[in-house]
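Colleague: Could you take me on a close look at one part of this model? I am new to this, so please go step by step.

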Amino acid sequence: MQKVGLYALVGIMAFALIFALLPTPGLDASQSGARLSGVQLRLYPSGDSNATWSFRAADVRNDPVAGLTTLTGITDGKRLLKEQVQGRFTGRETLDATLATQELTIDSQDTMTTRQARITLVQQCADIDLQGTEQTPVKIEQGQGFSATQATIASTSLTGTIRDLKMTFDFRILDASPNSKYSFPLDPTETCRDGKRVPLT
């Protein structure tokens, strides 16, 4: 089955709506791509076949020379997973995570980068504020997880600030700097239930 991803969608829309912007000799990379406004996009990453990303974006710019698509004015960023019941797909999707950021760049491998973002892992009720730099941006890698030079985490089971964080989408820390300061509450007052924090009784 042919992969229909973000680039296919942008390509189709660009051909239909912005044919005049197709690359021509003598144009630099900034002039050779497509630009769309006020669109909703879905990304079907080849490296994570059970996941789909959905975004609304005020502006989408595609640079075919660099192989990059940049979204700005982003709202309603979501990571959705194919629902399974007893090992069988139902055809429905469940909300796995939300993503809030002002700008997002997606490369040809579907890796997403930005300077700062908030990821909320729904099943863990975890709000994770990620910060990067121009040289080392926040990175979201399909099928793996995300990384940041600094992350502030608030959840029912883990709180604190972690430097050089690498984490999976199911809330497992793969790597962290020894200079990090975080803790696992010994006497938690809340638990995560159906994506919401509720008091322990």
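How many salt bridges does a search of the whole structure find?

Modeller: Happy to! Keep in mind that this is a predicted model. A search of the whole structure finds eleven salt bridges. Let's look closely at Arg79, starting with its charged partner. The side chains of Arg79 and Asp96 meet in a salt bridge, with N to O at 2.6 Å. Arg79 belongs to strand β3 (residues 68-85) and Asp96 to strand β4, so this pair ties together parts that are 17 residues apart in sequence. Are the two partners buried or exposed? Buried means under 20% relative accessible area. Arg79 has 5% relative accessibility, so Arg79 counts as buried. Asp96, at 10%, counts as buried too.

Arg79 also has an aromatic partner: it lies over the face of Phe169, at 3.8 Å from the ring centre. Phe169 in turn belongs to one aromatic cluster with Trp53, Phe55 and Phe146. Within that cluster, Trp53 and Phe55 are both buried.

Now follow strand β4 to another salt bridge, where the side chains of Glu93 and Arg42 meet at 2.9 Å, N to O. Glu93 lies in strand β4 (residues 88-100) and Arg42 in strand β1 (residues 34-43), so here the parts tied together are 51 residues apart in sequence. Glu93, at 38% relative accessibility, counts as partly exposed, and Arg42 counts as partly exposed at 27%.

Technical notes. Residues are numbered from 1 along each chain as its sequence is written. This is a predicted model: local features need pLDDT of at least 70, side-chain atom pairs count only at pLDDT 80 or more; totals for chains, interfaces and linings use all residues. Side-chain values use heavy atoms; hydrogens and water are left out. Buried means under 20% relative accessible area, exposed over 50%, partly exposed in between (1.4 Å probe, protein chains only). Rings of Phe, Tyr and Trp (its six-membered ring) pair if their centres lie within 6.5 Å; planes under 30 degrees apart count as stacked, over 60 as edge-to-face and the rest as tilted. A charge sits over a ring if NZ of Lys or CZ of Arg is within 6 Å of the ring centre and within 35 degrees of the ring normal. A salt bridge is a side-chain nitrogen of Lys or Arg within 4 Å of a carboxyl oxygen of Asp or Glu. Helices (H or I, at least four residues) and strands (E, at least two) are DSSP runs, numbered from the N terminus.
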